[in-house]
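Thanks for making time this morning. I would like to walk you through one chain, going from its overall make-up to its core and then to its charged side chains. Please have the sequence and the model in view as I talk.

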Amino acid sequence: MVGYDVVIEKIRGTGQAATRVADALRGAKCSAAVPSGDAGMPGARCVGKLGAVKQALRNREQAYERRLDAHAANMAKAVDLYSGREDAATAELSVPVQATGGRKPV
């Protein structure tokens, strides 16, 4: 499969990068930075909002993680497909040749 190896490796690298970002996001746990409970301000009106903010951040983190995991899985699937089937690689990874010189149509 000459000529497609570089593209396949870039696809593989994209999937691996998405996995690393998802893992880093899981480890960061940004929502944990929002304090739980009354946050040292018993009776304050913001106390009820802290839980909602924390849950919203947690939901967004999980959504990003799922999307990154799905992207990584799709890239791995593409690598498997293109590595095993030259016809698929030829059909989907070929770049049409564009004329760079010569006469232009009138």
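Let me begin with a term: when I speak of accessible area, I mean the area obtained by the Shrake-Rupley method with a 1.4 Å probe. On that basis, the accessible surface of this chain comes to about 7,900 Å², and 58% of that surface belongs to carbon and sulfur atoms. I should say at once that what you are looking at is a predicted model, and I will try to keep my wording in line with that.

As for the overall make-up, the chain has three helices and zero strands, so that, reading from the N terminus, the order of elements is simply α-α-α. Of the 106 residues in the chain, 19% are buried. If we take the contacts between residues at least 6 apart in sequence, 68% of them join residues that are at least 24 apart.

Let me turn to the second helix. α2 has 38 residues, and from its first C-alpha to its last it reaches 56 Å, which is close to the 56 Å expected at 1.5 Å a residue. The buried residues in α2 include nonpolar ones such as Leu50, Ala72 and Met75, but also Lys54, Glu61 and Glu65, and I will come back to the last of these.

Which residues make up the largest nonpolar core? There are eight in all, namely Ile8, Ile11, Met75, Ala78, Val79, Tyr82, Ala88 and Ala89. Each of the three helices, α1 (5–28), α2 (47–84) and α3 (86–93), supplies at least two residues of this core, and α2 gives the most, with four residues.

Now to the charged side chains, where the structure holds three salt bridges. One of these brings together the side chains of Arg12 and Glu9, with an N to O distance of 3.1 Å. Both residues lie in helix α1, three residues apart, which is about one turn of the helix. In general, an α-helix has 3.6 residues a turn, so residues three or four places apart point the same way. Neither partner is hidden from the surface entirely: Arg12 is partly exposed at 32% relative accessible area, and Glu9 is likewise partly exposed at 44%.

The other two salt bridges can be taken together, since Asp23, Arg26 and Asp69 are linked in a network. Within α1, Asp23 forms a salt bridge with Arg26, and the closest N and O atoms are 2.9 Å apart; these two residues are three apart in the helix, and therefore separated by about one helical turn. Arg26 also forms a salt bridge with Asp69, in which the closest N and O atoms are 2.2 Å apart. This second pair links distant parts of the chain, with Asp69 in helix α2 and Arg26 in helix α1, 43 residues apart. As to exposure, Asp23 counts as partly exposed at 45% relative accessibility, Arg26 is partly exposed at 29%, and Asp69 is partly exposed at 33%.

That brings me back to Glu65, which sits in helix α2. Why does Glu65 count as buried? The cut-off for buried is under 20% relative accessible area, and Glu65 is at 12%, so it falls on the buried side. Glu65 nevertheless has no salt bridge, the nearest side chain of opposite charge being that of Arg26, 4.0 Å away. Leaving aside residues up to four places away in sequence, Glu65 touches Ala22, Leu25 and Arg26. The C-alpha atoms of Glu65 and Arg26 are separated by 7.3 Å, although the two residues are 39 apart along the chain.

One last point concerns the backbone. Lys29 is found in the loop between α1 and α2, and its phi is near 45°, a positive value in a residue other than glycine. For context, most residues other than glycine have a negative phi. Lys29 counts as exposed, with a relative accessibility of 52%.

That is where I will stop, and I am happy to go back to any of these residues on the model.

Notes:
Residues are numbered from 1 along each chain as its sequence is written. This is a predicted model: local features need pLDDT of at least 70, side-chain atom pairs count only at pLDDT 80 or more; totals for chains, interfaces and linings use all residues. Side-chain values use heavy atoms; hydrogens and water are left out. Buried means under 20% relative accessible area, exposed over 50%, partly exposed in between (1.4 Å probe, protein chains only). Contact means heavy atoms within 4.5 Å. A nonpolar core is a set of buried Ala, Val, Leu, Ile, Met, Phe, Trp, Tyr and Cys residues joined through side-chain atoms within 4.5 Å. Lys and Arg count as positive and Asp and Glu as negative; His and the chain ends are not counted. The expected span of a helix is 1.5 Å times one less than its number of residues.
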